[in-house]
Amino acid sequence: LPILRGCWAAGPFTYQGTHFQYDQLEVLPKPLQEHLDVWLGGIAPSELRRVGRLSDGWLPSFVTPSDVETGRVAIEAAAAEHGRTIDPEHFGVLIPYGHPDLGEVPPKVLAGLSARRPDLADPSILVPTTPDALLDLIDAFVAVGTSKFVVLPLQEPATPADWVAHLERLAPLVQSRQT
């Protein structure tokens, strides 16, 4: 990330690191924005420290509100150790969901969650499967200080028309939580 940020900055830059060395590197064209936000995910301790040290925001997935509450504390501590702060509005969550429109959550997904999160007695709690459950989970994340959400269906609708119909039903529900 320090190299990417150098590439995005005005003029050439020099970087001398353990694995990469650049002298007067310049990448053109530059982004139109003066600053590009970089958000990272993850909940492992090393990932949380990396978020605090290098990123502008945090967007983990397959997490509980408790994970987010604990992770935010670790991120803010790591940021402070490096003389940084993360904007309080830059804590988000990617929420994968199942939905009756789309069928059941594939057993393969649930098996993968069990392997990824052996600490959870019931990893299916990470994937809401009804609109009400999705809204309840968003509310629980808001309660622990999360303000940005990416909701992503685990199963793809069969056709473009099915996508449109699904989103037309789901979007107003999710937008009801917008502030």
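How are H2 and H3 oriented to each other? Their axes cross at roughly 50 degrees, and H2 and H3 are therefore oblique to each other. This report on a predicted model starts from the overall fold and then returns to that helix pair.

## Overall fold

Let us begin with the whole chain. The protein chain is built from six helices and six strands. Following the sequence from one end to the other, these elements come in the order α-β-β-β-α-β-α-β-α-α-β-α. The C-alpha trace extends over about 55 × 35 × 35 Å along its principal axes.

## The H2 and H3 pair

Two packed helices are described by the angle between their axes and the distance between the axes. Helix H2 covers residues 45-54 and helix H3 covers residues 65-81, and their axes come within 7 Å. The crossing in which H2 passes H3 is right-handed.

On the H2 side, the contact is made by Leu48, Arg49, Val51 and Gly52. H3 answers with Gly71, Ala74, Ile75, Ala78 and Ala79. Sorted by class, the residues of this contact of H2 with H3 comprise six nonpolar, two polar and one charged.

## The H5 and H6 pair

Further along the chain, helix H6 spans residues 160-175, and H5 packs with H6 at an angle of about 30 degrees. The two axes lie 10 Å apart. Angles under 35 degrees count as roughly parallel, and H5 and H6 are therefore roughly parallel to each other. As H5 passes H6, the crossing is right-handed.

Which residues in H5 meet Leu170, Leu173 and Val174 in H6? They are Pro131, Leu134, Leu135 and Ile138. The contact of H5 with H6 holds seven nonpolar residues, with no polar and no charged ones.

## The S1 and S2 hairpin

Now for the strands. S1 (residues 13-16) and S2 (residues 21-25) run antiparallel and are joined by three bridges. Together S1 and S2 form a hairpin, with four residues between them. If you would like a place to start looking, Tyr15 stands opposite Tyr22 in S2.

S2 also contains Gln24, a residue worth a look for its backbone. Phi of Gln24 is near 60 degrees, which is a positive value in a residue other than glycine.

## A salt bridge across the sequence

How many salt bridges does the structure hold? There are six salt bridges in the structure. One of them pairs Asp67 with Arg117, and the closest N and O atoms of that pair are 2.8 Å apart.

Where do the two partners sit? Asp67 belongs to helix H3, while Arg117 is in the loop between helix H4 (107-116) and helix H5 (131-143), so the pair ties together parts that are 50 residues apart in sequence. H3, the helix of Asp67, is also the helix whose axis comes within 7 Å of that of H2.

## Backbone details in the loops

Two loops deserve a closer look. In the loop between S2 and strand S3 (39-40) we find Pro29. A cis peptide bond joins Leu28 to Pro29, with omega about -5 degrees.

The other loop runs between strand S4 (57-58) and H3, and Phe62 lies in this loop. Phi of Phe62 is near 55 degrees, again a positive value in a residue other than glycine.

Technical notes: Residues are numbered from 1 along each chain as its sequence is written. This is a predicted model: local features need pLDDT of at least 70, side-chain atom pairs count only at pLDDT 80 or more; totals for chains, interfaces and linings use all residues. Side-chain values use heavy atoms; hydrogens and water are left out. Axes are lines fitted to C-alpha atoms, for helices over the stretch in contact, and angles run from 0 to 180 degrees between N-to-C directions. Angles under 35 degrees count as roughly parallel, over 145 as roughly antiparallel, 65 to 115 as roughly perpendicular and the rest as oblique. A crossing is left-handed if the near helix is turned anticlockwise from the far one by less than a right angle, and right-handed if clockwise. Contact means heavy atoms within 4.5 Å. Ala, Val, Leu, Ile, Met, Phe, Trp, Tyr, Cys and Pro count as nonpolar, Asp, Glu, Lys and Arg as charged, and the others, Gly among them, as polar. Two strands pair if DSSP finds at least two bridges between them. A salt bridge is a side-chain nitrogen of Lys or Arg within 4 Å of a carboxyl oxygen of Asp or Glu.
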